[in-house]
Amino acid sequence: MGVGLRSEHYPHLLERPRTTVQWFEAISENYMDTAGRPLAVLEKIRSSFPVALHGVSLSIGYKPPHGNAVLQEAFGEQRTRYLSRLRELVRRIDPMIVSDHLCWTGVPGGNVHDLLPTPFTDEALDWITSQVDEVQQALGRSIVLENVSSYLTWASSTRSEQEFLVEVARRSGCRILLDINNVYVSARNHGFDAREYLGAIPADLVAQVHLAGHTDCGTHLFDTHSAPVCDDVWDLFAETIVRLPGVPVLIEWDAEIPPFERLEAEAQQAAKRASDAKRLAHRDAAPGSAAEIAAA
């Protein structure tokens with residue numbers, strides 16, 4: 001089990017405490033433009049733990065308008081600069097995973113600092129697949145894309161989100177970061193079945209799992225990462241993780257950040273729930289189990 005690396009915990013972690021946390025995930029952009037303390041801390045953490053790099057600004061779903069030479073040139077230059085900085089960070093850290101989101105975050109020269117959904121169309125599928133291929137060639141390694149939480153959808157979509165996500169992974173060779181809280185938030189906001197979504201994701205395509213808390217705003221759920229994982233998401237996690245043996249699981253907590261010990265306890269909770277779920281699944285699958293008798 002891993003947790004997100006946040007600056008609030010630097011002093012605690014630099015004291016090299018004994019911890020049950022097995023790895024850390026760092027936000028790529030926080031370390032791409034600095035040669036100062038943040039990068040020094042990240043390298044210190046990396047000397048003792050595996051690290052995953054998780055980006056929020058690749059904007060893999062953005063496509064410059066056809067025929068707009070100015071925007072196309074600006075997009076190409078911005079993407080080249082971004083990948084150059086990311087490639088250098090990957091070289092220094094040697095991460096176990098390099099991930100970002102299946103979304104777009106703005107236009108050349110402007111970042112809205114939000115993870116906006118893409119339309120789930122054949123045109124978008126062709127474009128994103130080509131972009132993932134370019135990114136993977138530039139980095140010299142495969143990447144992992146995360147499903148985002150969303151609050152609006154595109155009327156032009158012709159596929160479900162899960163079908164689109166799986167097809168991007170199959171065509172491009174990237175893998176999936178399955179954020180179970182994001183699935184739950186979007187399912188509640190848009191009225192689809194979270195279990196049906198999760199069941200449609202092939203286990204062999206999943207490289208990592210995210211868990212986090214959210215805020216209930218009454219009219220919708222908001223993916224704030226400011227609270228413990230809720231019971232419904234824990235239940236979805238228990239049902240899903242039995243299909244994903246060995247897949248790394250991460251607790252995200254990005255607002256109202258608690259002391260490290262509270263974050264570590266949440267990771268321990270994930271480990272226990274995963275262990276319990278696998279034990280129950282093994283018991284129910286054993287010859288002579290109640291489940292087997294009932295099925296007969």
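This briefing describes the two largest pockets of the structure above. The model is predicted, so local features need pLDDT of at least 70, side-chain atom pairs count only at pLDDT 80 or more, and totals for chains, interfaces and linings use all residues. Residues are numbered from 1 along each chain as its sequence is written, and side-chain values use heavy atoms, without hydrogens and water.

**Largest pocket**
- The largest pocket (an open set of points on a 1 Å grid over the protein atoms alone, where a 1.4 Å probe fits, with protein on both sides within 12 Å along at least five of seven lines) has a volume, meaning the space filled by probe spheres set on the points, of about 670 Å³.
- Its lining (residues with an atom within 4 Å of a point) counts 26 residues, and V56, H113, L115, H225 and D254 lie nearest the centre.
- Two or more lining residues come from each of α2 (29-32) and β6 (110-116); helices are DSSP runs of H or I with at least four residues, and strands are runs of E with at least two.
- β6 gives the most, with four residues.
- By type, the lining has seven nonpolar, ten polar and nine charged residues, with Asp, Glu, Lys and Arg counted as charged and Gly among the polar ones.

**Second largest pocket**
- The second largest pocket holds about 300 Å³ of space.
- It is lined by 19 residues, with S57, Q78, Y82, T105 and N111 closest to its centre.
- α4 (69-93), β5 (104-107) and β6 each supply at least two lining residues, and α4 gives the most, with six.
- This lining divides into six nonpolar, eight polar and five charged residues.
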